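Me: I've got a model open and want to get a feel for the fold. Can you walk me through it?

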Amino acid sequence: GERFAVLAELEEVIAQREIERPEGAYTTYLFDKGVDKILKKVGEEASETIIAAKNKDNAELKLEISDLIYHLLVLLQERKLPLDEIMDELSRRHERPRRD
């Protein structure tokens, strides 16, 4: 719903950046460098997320998770895997009977 509207908006902006490649945009830089650079950034942001959580720094954690989500959205666009498919998978998992 509206709660996650910003994810849909961000997904659209990232898709447009891939097509238009505006000069000077960070997203353009990532697409120009290719999947290896995108994957490197996903790894870096995941590591920074872990460190922020271990340091019990929620202000920093919020920033790092935001960076991680953004880079994951760039990765999804690069792989042509729509966020909707991820959301569908999460829904399927949630509907499954739990075994814990």
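Reply: Sure, one definition before we start: rings of Phe, Tyr and Trp (its six-membered ring) pair if their centres lie within 6.5 Å. And keep in mind that this is a predicted model.

Me: OK, so which residues do ring pairs link into a cluster here?

Reply: Y26, Y29 and Y70 are linked that way.

Me: And how many aromatic pairs does the structure hold?

Reply: Two aromatic pairs.

Me: Let's zoom out. How many helices and strands are in the protein chain?

Reply: Five helices and zero strands. Going along the sequence, the pattern reads α-α-α-α-α.

Me: What does the C-alpha trace span along its principal axes?

Reply: About 50 × 35 × 25 Å. The protein chain has 100 residues, and 27% of them count as buried.

Me: What about contacts between residues at least 6 apart in sequence, how many of those join residues at least 24 apart?

Reply: That share is 53% in the protein chain.

Me: Now the helix packing. How do you even describe two packed helices?

Reply: With the angle between their axes and the distance between the axes. Take α1, residues 5–20, and α2, residues 26–33: their axes come within 9 Å and cross at roughly 60 degrees.

Me: So what do you call that arrangement of α1 and α2?

Reply: Oblique, because an angle that is not under 35, not over 145 and not in the 65 to 115 range falls in that class. That's why α1 and α2 count as oblique to each other.

Me: Is the crossing of α1 and α2 left-handed or right-handed?

Reply: Right-handed, as α1 passes α2.

Me: Which residues meet there?

Reply: From α1 you have I14, R17 and E18, and they meet T27, T28 and F31 in α2. Sorted by class, that contact has two nonpolar, two polar and two charged residues.

Me: And the next pair along, α2 with α3, at what angle do the axes cross?

Reply: Roughly 120 degrees, and the axes come within 5 Å; helix α3 covers residues 35–54. So α2 and α3 are oblique to each other.

Me: Who makes the contact between α2 and α3?

Reply: On the α2 side, Y26, Y29, L30, F31 and K33; on the α3 side, V35, K37, I38 and K41. By class, the contact of α2 with α3 divides into six nonpolar, no polar and three charged residues.

Me: Which tyrosines from the ring cluster should I look for in that contact?

Reply: Y26 and Y29, which are in the ring cluster with Y70 and also sit on the α2 side of the contact with α3.

Methods. Residues are numbered from 1 along each chain as its sequence is written. This is a predicted model: local features need pLDDT of at least 70, side-chain atom pairs count only at pLDDT 80 or more; totals for chains, interfaces and linings use all residues. Side-chain values use heavy atoms; hydrogens and water are left out. Rings of Phe, Tyr and Trp (its six-membered ring) pair if their centres lie within 6.5 Å; planes under 30 degrees apart count as stacked, over 60 as edge-to-face and the rest as tilted. Axes are lines fitted to C-alpha atoms, for helices over the stretch in contact, and angles run from 0 to 180 degrees between N-to-C directions. Helices (H or I, at least four residues) and strands (E, at least two) are DSSP runs, numbered from the N terminus. A crossing is left-handed if the near helix is turned anticlockwise from the far one by less than a right angle, and right-handed if clockwise. Contact means heavy atoms within 4.5 Å. Ala, Val, Leu, Ile, Met, Phe, Trp, Tyr, Cys and Pro count as nonpolar, Asp, Glu, Lys and Arg as charged, and the others, Gly among them, as polar. Buried means under 20% relative accessible area, exposed over 50%, partly exposed in between (1.4 Å probe, protein chains only).
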